[in-house]
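Welcome to a short tour of a protein model. Have the sequence and the 3D view open side by side as you read, and let us walk through the fold together.

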Amino acid sequence: MAAPNTRLRELREANGLTQADLAQKIGVVQSAISFAENGERELRDDVKAVVARFFGVSVDWLFFE
């Protein structure tokens, strides 16, 4: 099990997005965002890159605390 991703949740919430909103904008299912935020699963590397680009941050900062 991965560690919970608090940075992803904080960025999402700071931008006024629900998990479903973010999932739709980046083309994944909502459960993928939920699992990543709760540390149940990691996002695929290609999805990590899309999320980081969407928020304008580096993959390292966002996913490797």
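A residue is called buried when its relative accessible area is under 20%, exposed when it is over 50%, and partly exposed in between (1.4 Å probe, protein chains only). The model is predicted, so local features need a pLDDT of at least 70 and side-chain atom pairs count only at pLDDT 80 or more, while totals for chains, interfaces and linings use all residues. Residues are numbered from 1 along each chain as its sequence is written, and side-chain values use heavy atoms, with hydrogens and water left out.

**The chain as a whole**

The protein chain holds five helices and zero strands, giving the pattern α-α-α-α-α along the sequence. Helices (H or I, at least four residues) and strands (E, at least two) are DSSP runs, numbered from the N terminus. Along the principal axes, the C-alpha atoms fill a box of roughly 25 × 20 × 20 Å. The radius of gyration is 10 Å, which agrees with the value near 11 Å for a compact globule of 65 residues; this radius is taken over C-alpha atoms, and the globule rule is 2.2 Å times the number of residues to the power 0.38.

Buried residues make up 34% of the 65 residues. A contact here means heavy atoms within 4.5 Å. Among contacts with a separation of 6 or more, 57% join residues 24 or more positions apart. The accessible surface comes to about 4000 Å², and 49% of it belongs to carbon and sulfur atoms; these areas come from the Shrake-Rupley method with a 1.4 Å probe, and for residues only the protein chains shown count as cover.

As for charge, there are 8 positive and 10 negative side chains, and the centres of the two sets lie 4 Å apart. Lys and Arg count as positive and Asp and Glu as negative, with His and the chain ends not counted. Each charge is placed at NZ of Lys, CZ of Arg, CG of Asp or CD of Glu.

**How the helices pack**

Which residues of helix 3 are buried? They are Ile-33, Ser-34, Ala-36 and Glu-37. These residues cover an arc of only 165° around the axis, which puts them on the same side of helix 3. The arc is that of the directions from the helix axis to the C-beta atoms. The buried residues of helix 3 pack against helix 1 and helix 2. Gly-39 follows helix 3 and has a positive phi, near 75°.

In helix 1 (6–14), the buried residues are Leu-8, Leu-11 and Arg-12. They fall within an arc of 100° seen down the axis, so they line one face of helix 1. The face turned away from that buried side carries the exposed residues Glu-10 and Ala-14. The buried residues of helix 1 pack against helix 2, helix 3 (30–38), helix 4 and helix 5.

Helix 4 buries Val-47, Lys-48, Val-51, Ala-52 and Phe-55. Their arc is 135°, so they too line one face of the helix. The partners of the buried residues of helix 4 are helix 1, helix 2 (19–26) and helix 5. Just after helix 4, Gly-56 takes a positive phi of about 75°.

**Four residues to look up**

The contacts in this table leave out residues up to four places away in sequence.

| Residue | Relative accessibility | Contacts |
|---|---|---|
| Lys-48 | 5%, buried | Glu-42, Leu-43, Val-59, Phe-63, Phe-64 |
| Leu-43 | 9%, buried | Ala-32, Ala-36, Lys-48, Val-51, Phe-63 |
| Phe-63 | 15%, buried | Asn-5, Leu-43, Lys-48, Val-51 |
| Asn-38 | 33%, partly exposed | Pro-4, Arg-9 |

Lys-48 belongs to helix 4 (residues 45–55), Phe-63 to helix 5 (residues 59–63), and Leu-43 to the loop between helix 3 and helix 4. Lys-48 touches both Leu-43 and Phe-63, and Leu-43 is also in contact with Phe-63.

Some C-alpha distances help to place these residues. Phe-63 and Leu-8 are 55 residues apart along the chain, yet their C-alpha atoms are separated by 7.7 Å. Asn-38, in helix 3, is 29 residues from Arg-9 in sequence and 9.1 Å from Arg-9 in space. Leu-43 and Ala-3 are 40 residues apart in sequence, with 12 Å between their C-alpha atoms.
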